[in-house]
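Me: I'd like a close look at one part of this complex, and then a walk outwards to where the chains touch. Here it is.

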Amino acid sequence: MSAKRLVQLTVNGKSYERFVEARLTLADFLRNELDLTGTHLGCEHGVCGACTILFNGNAVRSCLLLAVQANGADIMTVEGLARNGELHPLQRAFQDQHALQCGFCTPGFLMTAFAFLKEFPHPTEDQAREAISGNICRCTGYQPIVEAVLQASEKTASERK
Amino acid sequence: MKPAAFEYFAPATVDETIELLSAHGEDAKILAGGQSLMPLMNLRLARPRVVIDINPVSALDYVRIGPRNELCIGALTRQRSLEQSALVKERNPLLAAAMPLIGHFQIRNRGTIGGSVVHADPAAELPAVTLALGAEFVAKSAAAERVIPAAGFFLEYMTTALRPTELLTEIRLLPLRAGCGWAIEEVARRRGDFAIVGVVALLQVGEAGLCEDARLALFGVSERPVRAERGEQVLLGNGPEPKAFAAAAQAVVDELDPVSDVHASGEYRREAAAFLMKKALHAALARARGERVDER
Amino acid sequence: MAQTYIGTPIKRREDVRFVTGRGTYADDVKLPGMLHAAILRSPYAHARIRSIDTAAAAASPGVAWVFTLRDIGEAAMPVPMRMYKIAGLERYLQPLLAQNKVRYVGEPVAVAVAESRYLAEDALDAIEVEYEELPAVIDVAAALRDDVLVHEEAGTNLAAVHEIHIGDAATAFAGADYTRREVFRVHRHTGNPMETRGLVAHFDAGKRELTVYGMTKLLHYNRQVIAGFLRLPEHKLHFIENDVGGGFGIRGELYPEDFLIPFASFRLGAPVKWIEDRREHLMAANHSREITCELEIAARRDGTLLALRAKIYGNMGAYVRTHGGLVPCSTAALLTGPYRIRNYECRIHCVVTNKTGMGTYRAPGRYESCFFRERMLDMVAADLTIDPVELRRRNLIQPEEIPYEIGVTRPGGSPTVLDSANFPSALNRALKEFDYEGLKSRQGRLENGRYHGIGLAYFVKNTGGLEPYEGARIVIGEGPSVAVYISINVLGQGHETAMAQICADALGVPLEWISVFHGNTDLVPFGWGTFASRGTVMCGNAVHLAALKLKEKLLRLAGEQLNCDPAQLELQGGAVYRKGSAAALLDMEELVVRAREAVRQSVGRPELEETAYFNCSQLTHSYGVHLAHVAVEVETGTVEILRYMVVEDVGRCINPLLVHGQAVGAAAQGIGGTLLEELVYDENGQLLTTTFRDYVLPASTDVPRIESVVLEEAPSPLNPLGVKGAGEGGIVGTGAVLANALSHALSGMGLQVTALPLSPENVRKLIRNRAARAMF
């Protein structure tokens, strides 16, 4: 068995250092070592998207990364969306549109939508629907999530003006 | 669903990687984007004793033009970079068009072209696309570097011609001839899923209005991606007409003995392959004629 | 003016913790010294266990304990049935860990407890089990031959039979102008909540108390059973759900793991966590829906329905689980739907096979029976050349016939009575909203390479009742603050908001004062749980009753303080008014302070709390119509849903946001279940769909914009709020309506769907073999 390895990284703007076993997944690292339990595990084989985080600015499945691969990385999780107690426009939009029920898939959708809107600030409905197609929700039927992404895009657009 | 223990190396260069491969051989598994390997490891269906993580080998992440005007793609280049690359779109629109069919953008953010072709899932898009394009795969070992043509690269189910001590470093795609039409079509249970069945078509129509070149490949129909040479023969020297396309599609599926699985029967795959092949040939012809074809 | 939080689309208060990643799901619970369990499961569908050797596993790093059934000793009991205990089923209960034999892929064989889940899984790898593989029996027809016995000691795979006799079907069939017989089949699929099952059990050896996090759905009942198993006093067990990532019927039932994990903690004296992974979930959590129905119908030439005769076969899997015979019996119970069918005969067969045990999945049995009936009605309409809508119209029970007694359709139950409804009105509304008449011209038409079909299905869904009561306790504190403790739990629906709305209106206080607490056996001493769309019906009414009782108490106190007759007073917006006057006499804050003072000074004065139980064992019935417009590509067998609508009467809508959310979400699940999802076994009983790559759930690009129309035309007379459950109406009709739409699209080829799912493969098969009928 391999020895533990040092991982130094930044999560939501905060620096961390931990020694971990090589096989520890990044998702388990965030949840169990850093107690950032907002990142959820729905399938652990890269299909459901509940564990989506931002890895150096890109949306990725954290269940398909090893913690040791995050050495030096800049990571953002759902806990990093709200700033100074203010909900991010996406978070508000999810509540406004009833875009969540059980809430388990929600962090993954939020991080997916966050990355998507960064790249496409003014998406069409079809683009928004396509963007979230790699995340599974069993409660909402998706339409409210599409609406929330569109609402947030208007919000971020108007705030930029 | 947690991986079994393994020894982990994260070399920074190609040479270091090859050294590790020489040392560990069949015990080692290369970890690139991890989008195929990690699920297998989490499920403990893959239990490599040694994992060589090549993500730090940034020298393998590039897209450039080679001396023969070919597109040279570093094995570690992310699928998402290829999707967004202006150079790829310009030089090889088929490759660019195949990208959005692979998983979802979160997958393509990590997934690499090298990882996909080496994993050689018979239902994946990139193996069939590189096969149709006649790609060259550059394999490097401590002893030598060799170029493996696509026709000899995909051997069996999830098995390529790479030796345990070899590292895939580059994929080379010769430029499409001017006026070459192309298309990729698939049926999947959902958007982003591996295809139940898919086809790739390249079509070259000469000045006489006859097919000068045709390259057809299929995925999801066999233990590996397949070229449909009999279908190609049917097209060559004939006019690009619906009748010829139908005959070619028939010839293509006559050669097939597709597998059955939870998503569809072999019979379904034959029927759908014939339909998709006709559709792809029509789309390729339209592109060859410079007509606009709606991409999905 | 009366307050009206009820009926207002109030945003959910629970959302803030979920969107910020601060929900607390089972896997988020972390206790000092916590150990992690992993479960070794059978790789075979049917095998004898020759030996189990755990020695190497027990010695592997970080392992605290590895145990098998033998280690549980005398306490070992099978998982008991809770309901639909039809005679015979008791012979097929599941042991906590495999006993001599394994009977399905995924059956728990041994448990490893270690310092981490990683190490626990390593330990599983080191357990040596020697199996002797036996032939497996997978489908009902083969099982009924009894060549292979799943449980030898029972002597048969036909676990139980139940019959329904209403009217005189034989005579009706004998005298009918027209009869038709079809065999229909619904495939095996299941709920797949995004959060898998999970438990953290903590036995405090000092206090001898057991706390279990992650229990849900039926906390009190589950506690009672586990208390018996561990031989602890019931009140020394505390079952707490925290947040739950979806239920859909399958989560929260007692499974072997619900005994094993508390048992491990009990023995080790340390907290033990077990989080089911997705592969385990797909093979171990309840499967559902696999029902075959041989259905006969008799009618007059004018389309008047005379009788139904059915044989229902439920593939129960290897063991009869907590629901007993519920799924096949519920298929039978509402098979006649909203129609006047006086003669109904049904024989229900519960058959065991080497598959995972069957339990409930959202609208269990009703999804199935709606498909069987509504599909048959479209066939009858075609045979008799009557418009399918007209056929239904002619047979709908009319408002003046309500309440309508169907007869006894449940084992040991009282008659099924449709309590309130205006069936024709909902149908008319649905046709109008969908522009059914306008779309009819496209029926069966080929447009741009695809055939179009428009389908319709009528459903009735019993809600509420099932278990006879729920409770609520409301406590007023300073602030002022109102705490509402409810006896049920929440699987993601939004009870924290809906119950607060009900309380605020009944009590006459601002919504913001109210906090709702749920999912904890210590809050309210008795309760059942959240299932069968009964949360709002049963517990919503308990909250309403408790709030009214508490208001009466507050007004009496106010009367004493103000020296006036409480009957003259009212409570609105958190202040006391004289009836008809706009000036507040006393605000609640002051009243609470004074009341507390009064309570302190004299013994026997009322405390500022009330508990109420709402009792009702009758079921209330929601109903409505599903409509769909599909386009089918014949060459690939792919079906695209162009439009989808659910029209549902819920009696009274507490929060439109939540009710529409339920309808749309349920419809999306039903669409997935109808088009994409299937639990597939090979001939050896190997489950082939153990990942989300193979078990395909619908994503955003598979689901259209679902239109939801909520009606409140027929409030339930069975409860003070007039509500009916809204959790399942959105899924009941999905199989039926899509099958009908597809059949209409392909009617030019003379095709009729009789089996689900409508996968590309199956659609092609139907086209390939035009005479194809459901295989039985």
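Why is B:Leu87 classed as partly exposed?

Reply: Bear in mind that this is a predicted model. B:Leu87 has 14 other C-beta atoms within 10 Å. A buried residue would need 20 or more, and an exposed one would have 12 or fewer, so B:Leu87 counts as partly exposed. As for where it sits, B:Leu87 is part of helix 4 of chain B, which covers residues 86–91. Another leucine to look at is B:Leu71: 16 residues separate it from B:Leu87 along the chain, and their C-alpha atoms are 8.6 Å apart.

Now for the contacts between chains. Where chains B and A meet, chain B puts in 22 residues and chain A puts in 21 residues. On the chain B side, at least two residues each come from strand 1 (7–9), helix 2 (37–42) and helix 6 (105–110). Helix 6 of chain B gives the most, with 5 residues. Sorted by class, that side of chain B has 10 nonpolar, 8 polar and 4 charged residues.

Chain A also touches chain C, and there the contact takes 42 residues from chain A and 44 residues from chain C. On the chain A side, two or more residues apiece come from helix 2 (89–96), helix 3 (106–119), helix 4 (125–131) and helix 5 (143–160) of chain A. Helix 2 of chain A gives the most to this side, with 4 residues. By class, the side of chain A facing chain C has 20 nonpolar, 15 polar and 7 charged residues.

Technical notes:
Residues are numbered from 1 along each chain as its sequence is written. Chains are lettered from A and ligands numbered from 1 in the order in which they are written. This is a predicted model: local features need pLDDT of at least 70, side-chain atom pairs count only at pLDDT 80 or more; totals for chains, interfaces and linings use all residues. Two residues are in contact if their C-beta atoms, placed from the backbone, lie within 7 Å. Ala, Val, Leu, Ile, Met, Phe, Trp, Tyr, Cys and Pro count as nonpolar, Asp, Glu, Lys and Arg as charged, and the others, Gly among them, as polar.
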